[in-house]
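Welcome! Let us take a walk through this protein together, one step at a time.

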Amino acid sequence: MAAVTPATRILAGHRVLLRADLHAVCGRVALLTGGGSGHEPAHAGYIGPGMLTGVIAGDVFTSPPPRSILAAIRAVAGAGAVGVLLIVKNYTGDRLNFGLAAERARAEGISVAMVVVAEDCALSSPDKTAGRRGLCGTVLVHKIAGALAAESKALKEIAEIASSAVKSMGTIGVSLSACSLPGRGPSFHLDAHEMELGLGIHGEAGVKRMEVLSADETVRAMLDHMTDPKSDSRLHVGAGDNVALMVNNLGGTSYLELNIIARAAVDYLESKGVTIGRAYTGTFMSSLDMAGVSLTVMHLDQRRTSCLDADTSAPAWPRAALSCISDRPSELSVEDTKGCTSTGDGRSTSRSGDGTSSSWSRVIESVCKALLEKECELNALDTSAGDGDCGSTHARGCRAILKWTATGGIPDCGDGLLLGLAAVLEEHMGGTSGALYSLFLTAAAPPVCEYTTPSRWVCAIQAGIEAIKRYGGADVGDRTLLDPLCAAYDELKSLNSEDDWLTYLGNAAKVSEEVVERWISFAFNC
């Protein structure tokens with residue numbers, strides 16, 4: 001980290017990383033923390049103005065030695081710090097080694113205080129063990145204490161506020177796989193259908209194993225356990241409370257999954273009447289490559305909120321929005337006030353009508369039913385030239401269109417018809433076909449905005465073809481959808497009398513069919 005972070009320096013002879021501008025702590029309290037490696041970006045990612053002064057790293061999942069901890073304390077004291085706060089996770093090795101270093105520093109006349117973070121809500125009777133474990137909530141303590149130190153608060157005050165924050169938070173994790181220790185493989189085994197609730201960041205056993213649940217069910221199980229009235233380690237969270245929510249990747253969880261979990265957590269807490277004052281999503285304290293997440297909930301007051309919002313240059317602290325998550329709209333409603341306006345579900349409102357919607361409905365239904373009858377045949381043909389799903393894709397689009405027509409959503413204006421069809425196919429057909437059809441129909445809409453004469457429909461076809469060429473990259477002769485479409489257009493554009501419309505339309509269908517027949521012959525000959 002020191003190699004790529006100009007704002008940090010390694011303390012010579014020790015596994016200690018310090019702020020490069022160590023002189024900036026002169027006259028202020030310095031913050032030191034640390035623990036075993038393997039939890040990146042914790043803890044070194046939180047070094048910087050507004051957060052930590054330095055970090056002491058041990059081997060993977062192993063507490064750092066007192067000698068290095070004492071060296072870090074001496075270094076910051078020598079830079080002029082008026083006191084040193086040690087922020088320690090509640091693990092026996094960490095407490096012993098940091099405690100020993102603190103006692104030696106005090107014997108040298110250095111003012112040292114220690115805050116132990118123990119916010120784990122997994123164990124229902126922590127008194128029977130070494131106590132509640134220190135987990136991802138430690139990062140929030142770093143931020144609160146760091147903001148107070150930047151304000152030049154006294155050591156005693158910072159320690160008291162940090163300790164109060166620890167008592168007002170809870171964390172619980174869930175995992176779908178074990179972490180893999182370097183050179184030793186997975187630390188435990190979970191079957192493919194299993195997940196473990198309440199495990200520690202070193203792979204310590206959780207409270208129970210269960211069948212893999214959906215995101216919503218998983219979040220419900222986690223938060224229900226965290227707030228269980230029968231548990232001695234519960235965090236009381238109820239209606240009217242204002243909290244900070246931290247959704248943490250334990251190492252092997254994708255951002256896609258992490259945000260799904262975050263959405264589920266926000267929804268569930270809000271359903272209980274809880275206000276999400278601040279929310280943070282990302283990798284804050286990992287467990288090597290463990291596939292899992294943890295949720296941290298901390299009660300907010302004005303002081304804690306201002307500390308969380310205070311500026312910091314620590315690289316791993318998220319640049320989250322400094323505003324309340326709850327009680328604000330999560331969607332934008334965009335209304336197009338001109339012409340036929342899509343409602344977002346494939347239906348359109350009409351500007352003015354000429355009574356043609358019923359005729360269009362009959363034509364559309366006829367086309368869709370014909371395509372549905374050919375589903376298997378189209379799949380068979382596509383098997384010879386593609387991935388064999390052409391019929392199924394078109395059938396999916398046709399069923400969506402038929403459902404749309406059944407709701408009476410077809411408008412009377414031409415552009416509204418095409419934009420409505422485009423919206424349905426984009427939403428339900430999917431894939432390349434859905435995009436192509438939607439693009440064609442969208443581009444074809446403007447020419448029939450006001451008039452729907454045969455010549456305007458020909459212009460609409462031309463506009464759709466040009467859009468496909470422009471964005472799809474294909475042209476006539478590439479044996480794509482464009483070949484039969486352009487053949488049909490070439491026949492229609494020679495229309496010289498509106499009265500001969502149906503004749504030209506029949507000829508267009510015929511030449512289009514001839515192109516497809518040549519394709520099929522070519523494919524089977526190859």
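The paragraphs below go from sheets to helices and then to the core.

Before setting off, please keep in mind that this is a predicted model. A good place to begin is an open sheet of six strands, whose order is β1-β2-β4-β3-β5-β6 and whose pairing is mixed. Strands of a sheet pair through backbone hydrogen bonds, either parallel or antiparallel. Which strands stand at the edges here? They are β1 (8–10) and β6, each with a single partner strand, so one side of each has no neighbour in the sheet. From one strand to the next, the twist averages 25 degrees.

Now look at β3 within this sheet. Eight of its nine residues are buried, so β3 is largely enclosed by the rest of the structure. Five bridges connect β3 with β4, and these two strands run parallel; T33, for instance, has V55 in β4 as its bridge partner. The pairing of β3 with β5 is also in the parallel sense, over five bridges, and here L32 stands opposite L86 in β5. Moving on, β5 pairs with β6 in the parallel sense over six bridges. I87 has V115 in β6 as its bridge partner.

A helix accompanies these strands. Helix α2 (residues 92–107) lies across β3, β4 (54–60), β5 and β6, and it runs at about 170 degrees to β6.

Next comes another open sheet of six strands, with the order β11-β10-β7-β14-β12-β13 and mixed pairing. Why do β11 (208–211) and β13 (275–282) each have one side without a neighbour in the sheet? Both stand at the edges with a single partner strand each, so nothing in the sheet flanks their other side. Ignoring direction, neighbouring strands of this sheet are turned by 20 degrees against each other on average. One pair to look for is β12 (residues 242–249) with β13, joined in the parallel sense over seven bridges. Along this pair, L245 has A279 in β13 as its bridge partner.

Let us turn to two helices. At what angle do helix α3 (residues 137–150) and helix α7 (residues 302–309) pack? The angle is about 90 degrees, and their axes are 8 Å apart. The helices α3 and α7 are therefore roughly perpendicular to each other. On the α3 side, the contact is made by L140, K143, I144, A147 and L148, while α7 brings R303, R304, C307 and L308. Sorted by class, this contact of α3 with α7 has six nonpolar residues, three charged ones and no polar ones.

Our last stop is the interior. In soluble globular proteins, nonpolar side chains tend to be buried together. The largest nonpolar core in this model has 56 residues, of which L85, M298 and L308 touch the most other members. Several elements each supply at least two residues of this core, among them β3 (29–37), β5 (83–89), β6 (112–117), α4 (155–167), β12 and α7. Which element gives the most to this core? That is α3, with eight residues.

To see one core member up close, find L85. Leaving out residues up to four places away in sequence, its contacts include V29, A30, L31 and L32, then A113, M114 and V115, and also A145, L155, I158 and A159. Apart from this core lies another one, of 35 residues, including A400, A444, Y489 and A508.

Terms used: Residues are numbered from 1 along each chain as its sequence is written. This is a predicted model: local features need pLDDT of at least 70, side-chain atom pairs count only at pLDDT 80 or more; totals for chains, interfaces and linings use all residues. Side-chain values use heavy atoms; hydrogens and water are left out. Axes are lines fitted to C-alpha atoms, for helices over the stretch in contact, and angles run from 0 to 180 degrees between N-to-C directions. Helices (H or I, at least four residues) and strands (E, at least two) are DSSP runs, numbered from the N terminus. Angles under 35 degrees count as roughly parallel, over 145 as roughly antiparallel, 65 to 115 as roughly perpendicular and the rest as oblique. Contact means heavy atoms within 4.5 Å. Ala, Val, Leu, Ile, Met, Phe, Trp, Tyr, Cys and Pro count as nonpolar, Asp, Glu, Lys and Arg as charged, and the others, Gly among them, as polar. Two strands pair if DSSP finds at least two bridges between them. A nonpolar core is a set of buried Ala, Val, Leu, Ile, Met, Phe, Trp, Tyr and Cys residues joined through side-chain atoms within 4.5 Å. Buried means under 20% relative accessible area, exposed over 50%, partly exposed in between (1.4 Å probe, protein chains only).
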